Amino acid sequence: MQIEWILSLTQLPPYLAFPSGWLGRFALVTAWLACAGFVGWLVYHWRRYPSRWKGEAIGILALAALASLLMTLFIGLRLTAPNALPPPGLPIQASSAAFMLFAALPWMIAGGMVGIFPALIVAALSSIPLMIWSTHSIFTPLEYLFYALLFSAMIHQRYRTPFYRWLRHPLVAAGLVSAFSPLAFLLTRIWLVDGSAAVRLDYVLTNLRHSTLATAGMLWLGGIFSQVVFMLAPKRWGTPAPLLPSPAERSLAARFVYLFLPLVLLVTVFLMAVVWRVAENAARQMIMNRLQGMAQLSADSIPYFLEAGQNMIQQIA
């Protein structure tokens, strides 16, 4: 992976990726509406968490909104994978990913100190430059709204078990949110290009590592600085409300689901990754064998052409 410093995000080419065919665009719009509906359902589900709109909260929100634009546009790293594939059917180079160092910090601060809905506003402002100059995906605003929702909900929940107490720490919450970035990349980028399912999946997987590393890096770095703010001002962080029994304490079925669902998802993702890796290696080995066979046939035919050429030269002489 190649890494280089960039002073401004605007150094990267601005464009948005869309499939060329009408069927691909219809699938893209359908997928976007489905993701928007899911994010909207989460907003409705977590609307009970408070948001502050008075006094110093307005100042924090305004400062976070201004900082989100500045921190997203300036000072970052450009990550490029040498084996990444360009979009199928387009005469352009493979896209790189921008790791803007402090892009996630403003909406994390807003989510922890002001509330969920202010964090959504700041995350939406931060996602627009990334959508244009880095990810080139219309799903980027929805992704960052999802990250802000999930992070803020973890910070403001008041469940009393040790697992949920740890989730109220920004660093732990940011680490858990970053675990969703590969899945979000896989489920959204596959709709932005043309081709068969195998071609699309191959394009997404070759661009998965450096793109998700950029997103996860922003979340981890924002979580570290948010953890410092949390330790310096714990009374202004989160929601000062009484603790509640966790869902696992209130229902045996919920405890079973919370215990085994992550394990099942982890095993499923692991098996999918292993199967795809084995298939990719088999396909690469098959192509290499074919190329080696063609090269060997070409090499074996060279003496015949040399002998024929020498005979013709002798006849002419």
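This passage describes strand pairing, salt bridges and helix packing in a predicted model.

The strands are taken up at the outset. Strand S1, which covers residues 2–8, runs antiparallel to strand S2, which covers residues 74–80, and 6 bridges join the two. Within this pairing, Ser 8 has Phe 74 of S2 as its bridge partner. Strand S2 is also joined to strand S3, formed by residues 97–100, through 4 bridges, and these two strands likewise run antiparallel. In this second pairing, Gly 76 is the residue that stands opposite Met 100 of S3. Strand S2 is thus bridged both to S1 and to S3. In a regular strand, side chains alternate between the two faces of the sheet.

Salt bridges were considered next, and the count comes to 3. One of them is made by the side chains of Glu 4 and Arg 78, with a distance of 4.0 Å from N to O. This pair connects distant parts of the chain, since Glu 4 lies in strand S1 and Arg 78 in strand S2, 74 residues apart. The two strands that carry these residues are the antiparallel pair joined by 6 bridges. Glu 4 has a relative accessibility of 40% and therefore counts as partly exposed, and Arg 78, with a relative accessible area of 27%, is partly exposed as well.

A further salt bridge is formed between the side chains of Glu 56 and Arg 236, at 3.6 Å from N to O. Here too distant parts of the chain are linked, with Glu 56 in helix H2 (residues 56–73) and Arg 236 in the loop between helix H10 (208–232) and helix H11 (247–250), a separation of 180 residues. Glu 56 is partly exposed, its relative accessible area being 48%, and Arg 236, at 46% relative accessibility, also counts as partly exposed.

Another salt bridge joins Arg 189 to Glu 143, whose closest N and O atoms are 2.6 Å apart. Arg 189 belongs to helix H8 (residues 181–189) and Glu 143 to helix H5 (residues 140–156), so that the pair links distant parts of the chain, 46 residues apart. Both partners fall under the 20% limit below which a residue is called buried: Arg 189 is buried because its relative accessible area is 8%, and Glu 143 is buried because its relative accessible area is 9%.

Helix H5, which carries Glu 143, also takes part in helix packing. Helix H1 (residues 22–45) packs with H5 at an angle of about 20 degrees, and the axes of the two helices are 10 Å apart. At this angle H1 is roughly parallel to H5, and H1 passes H5 in a left-handed crossing. The residues of H1 that meet H5 include Trp 32, Phe 38, Val 39 and Leu 42, while those contributed by H5 include Leu 142, Leu 145, Phe 146 and Leu 149.

Helix H4 (residues 116–135) packs with H5 as well, in this case at an angle of about 145 degrees and with axes 8 Å apart. The crossing of H4 and H5 is right-handed. Among the H4 residues that meet H5 are Ile 116, Ala 119, Leu 120, Ala 123, Ala 124 and Met 131, and among their counterparts in H5 are Tyr 144, Leu 145, Ala 148, Leu 149 and Ala 153. Leu 145 and Leu 149 of H5 accordingly appear in the contacts with H1 and in those with H4.

Definitions and conventions
Residues numbered from 1 in each chain as written. Predicted model: local features only at pLDDT ≥ 70, side-chain atom pairs only at ≥ 80, totals over all residues. Heavy atoms only, no water. Pairing = 2+ DSSP bridges. Buried < 20%, exposed > 50% of the residue type's maximum accessible area, 1.4 Å probe, protein only. Axes fitted to C-alpha atoms, helices over the stretch in contact; angles between N-to-C directions. Parallel < 35°, antiparallel > 145°, perpendicular 65-115°, else oblique. Left-handed = near helix turned anticlockwise from the far one by under 90°. Contact = heavy atoms within 4.5 Å.
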